[in-house]
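Subject: Handover of a structure and notes on it

Dear colleague,

Please find below the structure that I am handing over to you. My notes on it follow directly after.

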Amino acid sequence: MFKNRFLLLIILALMLIVSACSDGEIKDSGKEKEKEGEDKPKVEEVEKSGGSLVLGTTAAPTLFNPLFSTDTSSSTIEGFIFGGLVTVDRDFNPEGDLAESWEFTEDGLKWTFYLRKGVKWHDGEDFTADDVVFTYGIPKDKAYVGPRGLPFENIKEVNKIDDYTVEMILSEPYAPFITITAQFEILPKHILGDVPIADLATHRFNTKEPIGTGPFKFKEWKDGEYIELVANEDYFKGKPKLDSIIYKIVPDENTLMAQLQVGDVSMTGISPQYVEMAKKLESEGTVALSTGASNSWEYIGYNLRNELFQDKLVRQALTHAIDKEAIVQAVLDGAGIVANGPGSPANWSFNPDMPKFEYDQDEAKKKLKEAGWEPGADGIMEKDGKKFEFVLKTTSANEIRMQIAEIVQQQLNEIGIKASIELLEWSAYVEQTGPPVWNFDAIVAGWSIGSDPDPTWFWHTSEIENGLNYGAYSNEKVDKLLSENTLISDLEERKRIIGEADAIVAEDQPSSFLYHPNGTLATAPNLKGPIFNASNTYYKIHEWYFE
Amino acid sequence: MTTYIVRRILMAIPLLFLITIISFAMMQMAPGDPTALMMDPMIKKENLEAYKEANGLNDNVMVQYFRWLGNMVQGDFGYSLIRQGVPVSELLLARLPNTLLLMGVSSVIAFLISIPLGVISATKRNSLTDYSITFVSFLGIATPNFWIGLMLIMFTSVHMGWFPTGGVSTLGSPFSLWDRLHHLILPAFVLATADMAGLTRYSRSSMLEVLRQDYIRTAKANGFKNKTVIFKHGLRNGLIPIITILGLMLPSFIGGSVIVESIFAWPGIGLLFIDGAFQRDYPVIMAVVVIAATLVVIGNLLADVLYAIFDPRIEY
Amino acid sequence: MSFLEQKAMVTEPFIVEENHNYVHESIWRLMFRKFMANKLAVIGAFLMIIIIGSALFAPWLAPQDPSKQVLLDKLSPPGEKYILGADILGRDTLSRLLYGARISLLVGFASVAGSIFIGTAVGAIAGYYGGTLDAVLMRIVDAVISFPSLFLLITLVTIFEPSVFTLIGVFAVFGWTGTARLVRGEFLSLRSSEFVLAAKTLGIRSSRIIFSHILPNAMGPIIVSATLGVGGVILAEAALSYLGLGIQPPTPSWGNMLQSAQNPQIMLGAWWYPLFPGFMILITVLAFNFIGDGLRDAFDPKISE
């Protein structure tokens, strides 16, 4: 069984931030193209304006090496400094980056990448096929102990055909190969080639002098303050219009909002609890907002190891008892879509016709009764002398989830189920709810889908022991469909299979799916280029500019 | 005098030793070992074992403690678990000056505001002014730091635009003293509020004590003007005990820096600490705790020494 | 001789054994009068009675169930339905403040009781026996006191998870050093006093000497430091709450109520929401400080009326 858990930490991080990532509406991207057309004659003027883009964030990065970092801040900055073979556009379509084009054999086992010529590393050296072979060799090396081994596991061979052609042989077809594995940024062989693989994780390259091929060059990391990147004049897609990017660390979210308000930050994602304030700023002309469905869902996850939750009827009853619409209205001020199952409307693989278990307390009680639960003397549901009581855990690092926990607690109480809330600090929460501890009855959590929609890691039985299937959900039919999904390269066929699997999951309700949050991106009104989308927030950043 | 100072410094050594033991013991109490979080579940078991072995996590606790202590004495605090490859000492060096600057300016502000208030309070004892000052200084004690900080940001920075919203300097602009000061004022003031109240109270009572002394009464009787008496004779003698207060204020200054630095995005050790605590970056947490406690010990030492130098009544 | 020891010496006369009752009574009366003369202290005592009273009678005083949510009434302004407005989940702020008072005061009192207990025990042992034991205990006190308390609190709370009990434990374990020093000072000066020496020669057990002879005389400073400590703990809980490490919702505490309102959106749009918990913290801490100050003056024989 192919395993691909490298997204784990990114996803965990994303669980915290309802991130600025969602599908740009088609209408929007059309508009943008128009604009780009208009702007062409003005290029010189635009270049003069230059300016620096200040990205505001609450989380400091750790190191700039895609094969060793696991947090969102680091991978964002890696995206500016480095380039990968391919990237994705705003709709999850792969697009050539360092590879000009690529082709694959019908069986999906042999991939050939044709590299761009004349690309230079930031230090002036030429980029060649050797760098690609070198980079893809690192995670395959025995001495590699970094977190990104698995996406490379099914690569059997990486061969240099000539200086600008690389061939990769897979051991089995894998649909996400192009949108996940081929997206990894390429590292310079002429700098790191002689470094023992075991020392790469702590090499000074990662924090002091990263050299890439991307649109921006590393200039300075002021610890605890900012990371400064400057335009790479020789960028192969054209010199960036911005002079520099400053990735500014503002640890307190309230302060970050204040900085946005006074213009100290020119772009940042907005957490749901600040959306209303951001709207007010927009009406005052202080910021521009763009918003859309994000590639994620929020849920109450049940631990199916616990007897309470092993009956499908009970789980459906729990979902019936939760007023999702009220949660979306009260907690998100309406900035979300009620969810019935996994996936996200922002994603191409989304199935809009999943079974629904709408808010209906009577239905909930009926199903509980069917499952053998009757109200006891104190009003709490009982079965065989056992009361329906459990602990609902979530993290204090996420205000929205804390509020959801409190609301769900009350709503379940109304049908005679007693949930008590336990809040954990983030690190402790990760420790307790993940493998191999799984110390929870139910959690308020969220998943974010990566650039490939493969649902395997959330629901496949093989993901229980070590993976993201924390609730230990297992369904043979789903397993079969999911194992199939990554072998199919035809999008429509794959979409059908994922949709079918998602519908079964929705019927089983291993968790009460709550909603798909909207993401919101706030930018300086004169910054042109960024558009909220679930796929690639910083798409074509070298073309962004200040008016 | 010299022997006193030397003795005082020697006394600090066992203290520092105890501090390291407490810090180390605290980290040993943490459930699980540091690898539990830093490692992905997908990392192979044997790699994890190799890591533990290489980093000495399998050794006897005493061995670990003395190795840690020995390295630390040489300025080696180990490596951050989160920022792989970055020595903790490097992070400390980058952050410490910011915190010291903030604390320095903060204590200057606290003194500049509190001592005059305390003196006025003492000279106008039991008047409306005295009561008002007492009341306001109690307000300072009773208001949470973060609340004052956020209110000031909202009002003076966002609404009025008088001060920057955070950070140590304007990004991208060349160094200028005014810019640095401009960024310092708000956080330093907020940090000072917690101690201003106590300091005001202390300088008031210290001043009261002095004013009761014979030589002040004599000076007054000899026809010196009230102001002259207070400022030339009273203040000088009244201030000496306040030096010791400096030492006592240090822990709350350093503790307060956690909140103030988070709110004002001030990259000091308080912020380093809270980030480390949330990410379970044990080497960073231990280093900051030890450094902070050491600062307090040094602060107290300096206060004692200064006191000895300034107070002519003390003989050694 | 330190300042504290000097102070202890001055207080000694009021414990002359034979006229114990007489002197004692009049001293208490004198202190009461001194305390009542301090206007701020009286205000503080009055406020404290009201606050403790409303915490005790919260179930009868609260107009609503503090955990009952009416999501549609989220952030309702003060008015007829919600006297002090509703919070972000549409719960009655007044009711939550009343129940929050129970938690905040419980944490405050229990932590201080714990730290007073530890501090008194350590201080008494060190001061009574003196010598090496004293030296060792006092170095430990010096070391613990050198740690900025917020650092220790954060470290321990992240290790042990912030429940009401861990918070109380952590506050107690690190709040005792001041008391220990005070008590030791008192004991140091009293143990060589004549009546203690007399008691020793009569063969009275150490524990009896400590508990019935010396300790009562050290009560003054202990009570003062306890009073000030409660306010300090309430503030520290608020600070921890701001970092997400205080009392955890849904249990209401003033700290976490104030924290949940620390958001510019709410501060500008719903001013009443952060105002009330902030105000409660403020007046409670003020009250304890006023009382502590008044008690300090009352216990200090140097300060005349």
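Chain B is made up of 12 helices and zero strands, in what is a predicted model. Read from the N terminus, the elements of chain B therefore follow the order α-α-α-α-α-α-α-α-α-α-α-α, with helices and strands taken as DSSP runs. The chain has 316 residues, of which 52% count as buried. As for contacts in chain B between residues at least 6 apart in sequence, 72% of them join residues at least 24 apart. The accessible surface of chain B amounts to about 14600 Å², and carbon and sulfur atoms account for 67% of that surface.

I turn next to the cavities. Eight cavities of 30 Å³ or more are present in the structure, and the largest has a volume of about 130 Å³. Its lining consists of 15 residues, and the closest to the centre of the cavity are Tyr299(A), Trp447(A), Trp459(A), Tyr470(A) and Gly471(A). Three elements of chain A each give two or more residues to this lining: strand E13 (296-302), strand E20 (442-448) and helix H14 (456-459). By class, the lining of the largest cavity comprises 11 nonpolar residues, four polar residues and no charged residues.

Which element gives the most to the lining of the largest cavity? That element is E13(A), with three residues, and the remaining notes concern this strand.

E13(A) is mostly covered, as seven of its seven residues are buried. In a regular strand, the side chains alternate between the two faces of the sheet. In E13(A), both faces are covered. On one side lie Ser296(A), Glu298(A), Ile300(A) and Tyr302(A), and on the other lie Trp297(A), Tyr299(A) and Gly301(A), all of them buried.

E13(A) is also joined by bridges to two strands of chain A, E20(A) and E21(A), the latter spanning residues 511-523. Seven bridges join E13(A) to E20(A), and these two strands run antiparallel. Tyr299(A), one of the residues closest to the centre of the largest cavity, has Ala445(A) as its bridge partner in E20(A). Four bridges join E13(A) to E21(A), and this pair likewise runs antiparallel. Here the bridge partner of Gly301(A) is Ser511(A), in E21(A).

With kind regards

Methods: Residues numbered from 1 in each chain as written. Chains lettered and ligands numbered in written order. Predicted model: local features only at pLDDT ≥ 70, side-chain atom pairs only at ≥ 80, totals over all residues. Heavy atoms only, no water. 1 Å grid on protein atoms, 1.4 Å probe; cavity = no way out; pocket = protein on both sides within 12 Å on 5 of 7 lines; lining within 4 Å. Points joined across faces, edges and corners; volume = space filled by probe spheres on them. Nonpolar A, V, L, I, M, F, W, Y, C, P; charged D, E, K, R; others polar. Buried < 20%, exposed > 50% of the residue type's maximum accessible area, 1.4 Å probe, protein only. Contact = heavy atoms within 4.5 Å. Areas by Shrake-Rupley, 256 points an atom, 1.4 Å probe, with all protein chains shown as cover. Pairing = 2+ DSSP bridges.
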